[in-house]
Structures are given as structure tokens and as C-alpha cells.
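Here are some short exercises to work through with the sequence and the 3D view side by side. Try each task yourself before you read its solution.

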Amino acid sequence: MRRLASLPIRWRLTIVFAVVMGLVLLGAGTATVLEFRDAVNEGDLTGILRQHADAIVADLISELLIVLPVVLLVTVIAAYTLSGAALRPVEAMRRQAEGIDADHDTHRLPVPNTGDEIARLGHTLNAMLTRLHTALVRERQFIADASHELRTPLSLLTTELELALRRPRSHDELTTALRSALTETQRLTRLAEDLLALSRADRQHATPPSTAVELAPVLQAIAERFGPALHADHRRITVDAPTELAALVHAADLDRALANLVDNALRHAAGDIHLTATPTDGRADIHVLDHGPGFPHEFLPHAFDRFTRPDTARTHPGTGLGLAITAALITANDGHTHATNHATGADIRISLPMR
């Protein structure tokens, strides 16, 4: 059996068919001979046929020994040919798959127009290749963007230290250089933390949560956490959410996502911030609204992309990962995010399944 399993599928199918067909023909031949003997014994009332029965049976066996092997040979050849034809699309897909790599990401497997299991397998594999290509493009873009973001603070940090060491410096000059180096180091730290958070958000929660979280207490806790920073600028944060409204979400993920959005509104907008939650078509919608310039219209489709920031926000500190982390956390909880503008600012919506 182990030796048979090591043979190509075409040969295995042919051998199995040959064995089964041989047994069937042997049984059919034996049954024919036995039925002939019984018919002779029952129908020969005069005994004339019985005298020649052995000779007739011998002739029948001789004819069967010629005809049945020929039938077996023909059917085995037909089985070998048909199995080869059935497996030919698989071999074509295998040959095409050998040439697919990261540099030939547009190649796809040839799919026969038959609608059978092999065709469905081809469509499934092509869909898998498309997903892998999309993931590869995202990873390459992510690495390129991360390298670009890391290069700037590292270059500035290196320049500050080189200038500080180039000649003797006064106390004030060294203090200025160290403060600048500390600023770039803190920027690197924030970037590393955001990259780690984004990586964890992409991997976590294979299944959506089954426990419900009441939204009003979560929104109120966010408002209280950011309250002191808002009061210092004579701003406030308001909450409007039904007490009974709950969503299926991991509480820590929702807290991190909302904190990112409120922090973003705090840094890039002026005026009050409003947090609202409403039930909409069987889902819980949370809105974070600010009073500011809003998002540029051309930026809205890319608001949740990684390392993307509108031109108006590039003068503010940040890594361009806050909204991407929010989107990843919400997606991991079977939700989705949407960015738009309202009459006096930006509006970011989080939609989550309700309890």
C-alpha cells in the first residue's frame, strides 16, 4: 500500500480500476459458466446435451479467456486516458504555479471552463493568491512607510549629536542639543509603540467578542479622562448616549480606539468635542465630532490608511498611525469606521454590532 501511495494519481486510479474491473470480469465469467451448466442440467430432458456439456463448457471458457482480457485491456487503457484528461487541468495549474513568485504577482492559475471540482479549486486558489498579493503589497508599503518615518527622526538625532560633539559647546548649547535629541527620541518611542499596537491589532481576536459593553459609561470615562486638557483650553467634551445601548466589542479595544479619535480631535481641531451613540439598523453607531477645519475632501478616502496625514496636520506632532490603529481595532471586532465632515468640523463614525 505504501508503494502504491507513492505512485502518481493517474497510475493509482488506473491500477485500482484494473483490479476492480478484473474482479468484476472474473466474477461475470465464472457466473456465466455456472449458469450455463445449470441451464444444461435443467433443460436437457433427453440427456443429449449433457453428454457434450463438458466440451461446450471448455469451448465457452476458452472464448471467455480471450474476450475478457481484451475487454479488461480496453477498459484499462480507457481509464488511463480518461484519468489523464481529468487531471490535465491540475497539471496545467501546477506548471503555472511554479512560475508565480513575488515578482510575478499578476499571474494566476488557468481555470478550466467546466464548473466541476477542479474549476472550483482553481477559483479558490486564485482568490487565495489575490489575498496573498494584497497582503504582500500592504506589508511592502508598510515597511517602506515605516522606514521613511524612522529615517527622519534618526537623521535629526544623529545630526544633533554630531554637532554637539564636533567642538566644545557651552552649557546652553549642549542643553539645546539634548532637548532636541530628547524630542526626536520621544518621537521614535511613540512611533515604535504605535507600530507595535498596529501589529497587535492586526493579529488579535480571531473571532468577534460575544460579550456586550454598554457604551454610555465608556464614552463618559473617555470624556472624564480628556476633560482636564480640554478645560485648560476653555473647551469641553459632551456625551449623548442611551443608557441601555450596548455593543459587542472588546472594552479595551473600544477604549483605545475612542482615545485615539478624541486625542486626534484635541490636537487638530478647536472648540468642543461631542461623543454620541445611537442604534442604527441593528448596529451601534458612535460619532466623534469636533469643531475645526475638518478633513480635506481628497484625504477622506485615505483617512484610515497607515502613515497618512493631511497637509494641514503635518506641522503637528504625530506618526500618522492613530486612525489606522483605530480602524484595525474596530475591524477586529467585526465593525467598521468612516470619516466625513459635518457643518463645522470632522465626524468619525464607528459602527459595531449590537447585543
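The exercises below go from the overall chain to the sheet, the cores and a single side chain, and they use a predicted model.

**Exercise 1. Get an overview of the chain.**
Task: How many helices and strands does the protein chain have, and what percentage of its residues is buried?

Solution:
- Start with the secondary structure, which comes to nine helices and seven strands.
- Next, turn to burial: 34% of the 355 residues are buried.
- Then look at the surface, where the accessible area is about 21700 Å² and carbon and sulfur atoms hold 61% of it.
- Finally, consider the contacts with a separation of 6 or more: 68% of them join residues 24 or more positions apart.

**Exercise 2. Trace the sheet.**
Task: In what order do the strands of the open five-stranded sheet lie?

Solution:
- Walking across the sheet gives S2-S4-S5-S7-S6, and the pairing is mixed.
- The edges are strand S2 (237–240) and strand S6 (336–342), each of which pairs on one side only.
- From one strand to the next, the twist averages 15°.
- Now zoom in on strand S5 (residues 283–291) and strand S7 (residues 345–353), which are antiparallel and share seven bridges.
- To find one bridge pair, go to His287, whose partner in S7 is Arg349.
- Helix H9 (residues 322–332) packs on this sheet, where it touches S6 and S7 and runs at about 20° to the direction of S7.

**Exercise 3. Explore the nonpolar cores.**
Task: Which residues touch the most other members of the largest nonpolar core?

Solution:
- The largest core has 53 residues, and the answer is Leu258 and Ile286.
- Several elements supply at least two residues each, among them helix H5 (117–166), helix H6 (171–203), helix H8 (251–268) and strand S4 (270–280).
- Leaving out residues up to four places away in sequence, Leu258 touches Val218, Leu219, Ile222, Ile286, Val288 and Ile350.
- A separate second core has six residues, including Leu25, Val57, Leu60 and Leu64.
- As background, nonpolar side chains tend to be buried together in soluble globular proteins.

**Exercise 4. Place one leucine.**
Task: Why is Leu34 not counted as buried?

Solution:
- First locate Leu34, which lies in helix H2 (residues 9–43).
- Then check its distance to Val57: the two are 23 residues apart in sequence, and their C-alpha atoms are 9.2 Å apart.
- Buried requires under 20% relative accessible area.
- Leu34 has a relative accessible area of 47%, so Leu34 is partly exposed.

Note on methods. Residues are numbered from 1 along each chain as its sequence is written. This is a predicted model: local features need pLDDT of at least 70, side-chain atom pairs count only at pLDDT 80 or more; totals for chains, interfaces and linings use all residues. Side-chain values use heavy atoms; hydrogens and water are left out. Two strands pair if DSSP finds at least two bridges between them. Helices (H or I, at least four residues) and strands (E, at least two) are DSSP runs, numbered from the N terminus. Axes are lines fitted to C-alpha atoms, for helices over the stretch in contact, and angles run from 0 to 180 degrees between N-to-C directions. Contact means heavy atoms within 4.5 Å. Buried means under 20% relative accessible area, exposed over 50%, partly exposed in between (1.4 Å probe, protein chains only). Accessible areas come from the Shrake-Rupley method with a 1.4 Å probe; for residues, only the protein chains shown count as cover. A nonpolar core is a set of buried Ala, Val, Leu, Ile, Met, Phe, Trp, Tyr and Cys residues joined through side-chain atoms within 4.5 Å.
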